Amino acid sequence: MTNRRFGFLPTTVWSHDQLEADRLHAVEWFRRERLEEPLEEYLETFDEVQGTMEHLLESTVDLSLLEDQALEILQDRALREGFRYLAGPPISLDDLKTLVNSNSLSSRTLRLNPDLVRRLVDTIRAGLDRRRFPWVSEGREPTPDEREAAVVASAALIATQRVATSRRNLGKQAQEEHVREVLIASGLVEVPPCRTYTF
């Protein structure tokens with residue numbers, strides 16, 4: 001941003017009352033936005049990831065064949081997310097790469113490196129959430145209630161994280177746009193970003 005006259009803007013000093021009024025306005029804006037936020041986004045995400053977790057458990061026979069199905073799971077974006085959430089607490093994709101000492105978890109990399117796939121499974125098994133998946137460490141089949149509870153709890157974890165991330169991103173974008181509008185209204189002119197050249 002630059003001033004239209006290429007000079008400095010007059011200094012503005014806000015009174016305590018003005019600052020307090022702006023603060024209350026911001027709090028009210030946040031409350032309205034947060035309370036009016038539709039529940040549908042969470043519910044839709046929950047339904048989607050619930051299906052993913054059910055498929056993950058079915059395809060691995062309740063995690064007993066996790067190693068056998070690992071390559072297929074890791075090449076599917078949704079199933080790979082569910083795979084990361086088997087751990088307690090869940091492991092981010094970047095952290096997972098660091099833990100298995102790999103710069104990439106692309107399908108090609110995984111297909112060409114069976115040892116990497118094994119390390120990924122070993123990492124998740126080492127951090128497996130024993131509260132959600134108690135039957136694995138006990139070497140038995142899950143009861144129907146245990147299985148359902150594991151699916152629901154995992155779906156809630158993933159859906160909550162996704163919606164929270166989406167909310168943060170949208171909030172950041174809205175705040176940046178509001179600041180931009182205020183600066184322009186104050187007399188500044190937006191200029192295109194400078195390109196950085198490397199030689």
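Okay, let's start with Val61, which counts as partly exposed because its relative accessibility is 45%. Keep in mind that this is a predicted model. Val61 has a positive phi, about 50°, even though this residue isn't a glycine. As for where to look, Val61 is in the loop between helix H2 (40-59) and helix H3 (66-74).

Stay in that loop for a second, since Asp62 is also found between H2 and H3. Asp62 has a positive phi too, about 60°, and again we're not talking about a glycine. So is Asp62 buried or exposed? Asp62 is buried: the relative accessible area is 18%, and the cut-off for buried is under 20%.

Next, a peptide bond to click on. Going from Gly88 to Pro89, the bond is cis, with omega near 0°. Pro89 itself is in the loop that runs between helix H4 (77-84) and helix H5 (93-99).

Now the inside of the protein. Which residues touch the most other members of the largest nonpolar core? That would be Phe83, Leu86, Leu120 and Phe133, out of 33 residues in that core. Several helices feed into this core: H2, H3, H4, helix H7 (114-126) and helix H9 (144-185) supply at least two residues each.

Let me finish on Phe133. If you leave out residues up to four places away in sequence, Phe133 touches Leu57, Leu63, Leu86, Leu128, Ala150 and Ser154. One of those, Leu86, is a name you just heard, since Leu86 is on the list of residues touching the most other core members.

Terms used
Residues numbered from 1 in each chain as written. Predicted model: local features only at pLDDT ≥ 70, side-chain atom pairs only at ≥ 80, totals over all residues. Heavy atoms only, no water. Helix = DSSP H or I, 4+ residues; strand = E, 2+ residues; numbered from the N terminus. Buried < 20%, exposed > 50% of the residue type's maximum accessible area, 1.4 Å probe, protein only. Core = buried A, V, L, I, M, F, W, Y, C linked by side-chain atoms within 4.5 Å. Contact = heavy atoms within 4.5 Å.
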